Amino acid sequence: MMTKEEYVESLRKLNLKVYAFGKRIENVVNDKIIRPSMEAVALTYELAHMPEYEDLMTATSHITGKKINRFCHIHQSNEDLVKKTKMGRLLGSLTGCCFQRCVGMDALNALSITTYNIDEKAGTDYNKNFLAYLEYVQENDLTCDGAMTDPKGDRSLPPHKQTDPDMFLHIVEEREDGIVVTGAKAHQTGAVNSHEIIIMPTISMKEADKDYAVSFALPSDADGITYIMGRQSCDTRKLETGMIDRGNRLYGGHEALVVFENVFVPRDRIFMCKEYEFAGQLVENFASYHRQSYACKAGVGDVLIGATQTVAEYNGAQKASHIKDKLIEMNHLNETLFCGSVACACEGHKEPSGTYLVNTLLANVCKQNVTRFPYEIARLSQDIAGGLMVTLPSEQDLRSPEVGKWVEKYFQGNAQVPVENRMKILRLIENITMGTAAVGYLTESMHGAGSPQAQRIMISRQANVGEKQKKAKKLCGIEE
Ligand code: SF4
Ligand code: FE
């Protein structure tokens, strides 16, 4: 397993083509806006070496028997799935943001199932390719970007009917030694903090779309790949000299648009090539695993609840009964999020490949809650924090020889608490509910791992309403 320092150095050696604010970034490791997101991934390396986190952060490889980082592991039991849930909450609570490495773990696990199933049906050797790749990832303790979401163009049209054929990533040339692909993946979490990128199709497909039914892995700095960083609300605060206005001074997340322009993929890195009838299965398995992964939001919720209790105390409002009740409600919602993730893990099952898959109905219920509860938790937090969260002057004003004394005087709450601390906790709440971390805590809760309607479709397919009707009819004596 890599240490944190080795991870940072390994990223420094990559030759990524990354753009932000219209300019190419020389090295992502030195970039002030990207760096906090790299620190969040780096924590997944650091904790794996700490005895107190060993049980959650590490696992035993089923292919080599060696101790590996759990983010590179293929789940071998329901217990593994539960530990994955707990690891997500732990990291969310220590970073207060998206720590990005789950997408690669979820892609590896989904591919371990689907490559096996394709081979069983079609006599291909994708699972062999996959297992060799998995061993390489485990041996080198790599971070992978699991990339699914295409730009999708006109939502009413399938891939092959789009005006621009690149709206879904597709095969443009087949060669003896591999394939050439063009297209893009949007909203890619942690893309430029990753050593590898794993491509998967984004929707189920029919025969006419077979050139789009493609899955493979490449080094993140392969020729022809370009990254364009997404902006986040308040991102340029990270360029300021003071630390208070950042809210979270240590960590952050990031997303990027990843463009593939005639990129060559060697045969042994291909996991699906035109087997369109398996595209939907790969999407559903990846989505279900990632919907489980959203236990991370319960971890960020822990931070937000802690911050909200603290600001209530700093404001002198902590004894008011409605404040206490709102904090109970925040905890209730947050634990309900966690329950869904634990439940789908406990109810997981073994697939023919040997991989344990979460209960997909419960994983979708879990994620559907995630599209709602963080918004309500954030609303309650803002209710308790008060309007000062959005009208607070800057850190520079606090430090100003001219007006600093007025900031100190008029923003004093509880006299025992320095104004600076009150400002810090308010900025943290701002960061999670409106600033850079709100990308992960709110909008990503809505759309990450699929937008709310995607979960509702899965719930309607799997809820087995017919069986429920039978039970109802039997109890009241209806015979048809
Ligand atoms: Fe992991 Fe959560 Fe970020 Fe997804 S949103 S990559 S589950 S931390
Ligand atoms: Fe996500």
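Start by selecting helix H9 (residues 321-346) and H11: their axes come within 10 Å and cross at roughly 160°. Angles over 145 degrees count as roughly antiparallel, so H9 and H11 are roughly antiparallel to each other. Keep in mind that what you have open is a predicted model. Look at the handedness too: H9 and H11 cross in a left-handed way.

Now show side chains. On the H9 side, the residues that meet H11 are Ile323, Lys326, Leu327, Glu329, Met330, Leu333, Asn334, Thr336 and Leu337. Facing them from H11 are Phe373, Pro374, Glu376, Ile377, Leu380, Ser381, Asp383 and Ile384.

**Next stop: H8 against H9**

Keep H9 on screen and add H8. The axes of H8 and H9 come within 9 Å and cross at roughly 170°. That makes H8 roughly antiparallel to H9. To see the contact, pick Lys297, Ala298, Gly301, Asp302, Leu304, Ile305, Thr308, Gln309 and Ala312 in H8. Their partners in H9 are Ile323, Leu327, Met330, Asn331, Asn334, Leu337 and Phe338.

**Next stop: H11 against H16**

Go back to helix H11 (residues 373-385) and bring in H16. This pair packs at an angle of about 155°, with the axes 9 Å apart. H11 is therefore roughly antiparallel to H16. The crossing of H11 and H16 is left-handed. From H11, the contact uses Pro374, Tyr375, Ile377 and Ala378; from H16, it uses Tyr441, Leu442, Thr443, Ser445 and Met446.

**Zoom in on Pro374**

Click on Pro374, which is found in helix H11. Is Pro374 buried or exposed? With a relative accessibility of 0%, Pro374 counts as buried. Leave aside the neighbours within four places in sequence, and Pro374 is in contact with Leu337, Asn369, Tyr441, Leu442 and Ser445. For a sense of scale, draw a distance from Pro374 to Ser220: the two are 154 residues apart along the chain, and their C-alpha atoms are separated by 32 Å.

**The iron ion**

Select ligand 2, the iron ion. Which residues coordinate the iron ion? Tyr294 does so through OH and Glu444 through OE, at 2.3 Å. Tyr294 sits in the loop between helix H7 (279-293) and helix H8 (296-315), while Glu444 is in helix H16 (residues 438-447), so the pair ties together parts that are 150 residues apart in sequence. Tyr294 and Glu444 are both buried.

**Gln368 in H10**

Move to Gln368, in helix H10 (residues 360-370). Its relative accessible area is 6%, and the cut-off for buried is under 20%, so Gln368 is buried. Not counting residues up to four places away in sequence, Gln368 touches Pro452, Gln455, Arg456 and Ile459. Try a distance from here as well: the C-alpha atoms of Gln368 and Arg427 are separated by 28 Å, with the two positions 59 residues apart along the chain.

**Last stop: H18**

Finish with helix H18 (residues 465-476). How far apart are the end C-alpha atoms of H18? They are 17 Å apart; at 1.5 Å a residue, the twelve residues should span 16 Å, so the two agree. Switch on a surface here: the number of buried residues in H18 is zero out of twelve, so H18 lies largely in the open. Then step just past the end of H18 to Gly477, which takes a positive phi of about 80°.

Key. Residues are numbered from 1 along each chain as its sequence is written. Chains are lettered from A and ligands numbered from 1 in the order in which they are written. This is a predicted model: local features need pLDDT of at least 70, side-chain atom pairs count only at pLDDT 80 or more; totals for chains, interfaces and linings use all residues. Side-chain values use heavy atoms; hydrogens and water are left out. Helices (H or I, at least four residues) and strands (E, at least two) are DSSP runs, numbered from the N terminus. The expected span of a helix is 1.5 Å times one less than its number of residues. Buried means under 20% relative accessible area, exposed over 50%, partly exposed in between (1.4 Å probe, protein chains only). Donors are N, O and S atoms within 2.8 Å of the metal (3.2 Å for Na, K and Ca); water is not among the atoms, so sites may look incomplete. Axes are lines fitted to C-alpha atoms, for helices over the stretch in contact, and angles run from 0 to 180 degrees between N-to-C directions. Angles under 35 degrees count as roughly parallel, over 145 as roughly antiparallel, 65 to 115 as roughly perpendicular and the rest as oblique. A crossing is left-handed if the near helix is turned anticlockwise from the far one by less than a right angle, and right-handed if clockwise. Contact means heavy atoms within 4.5 Å.
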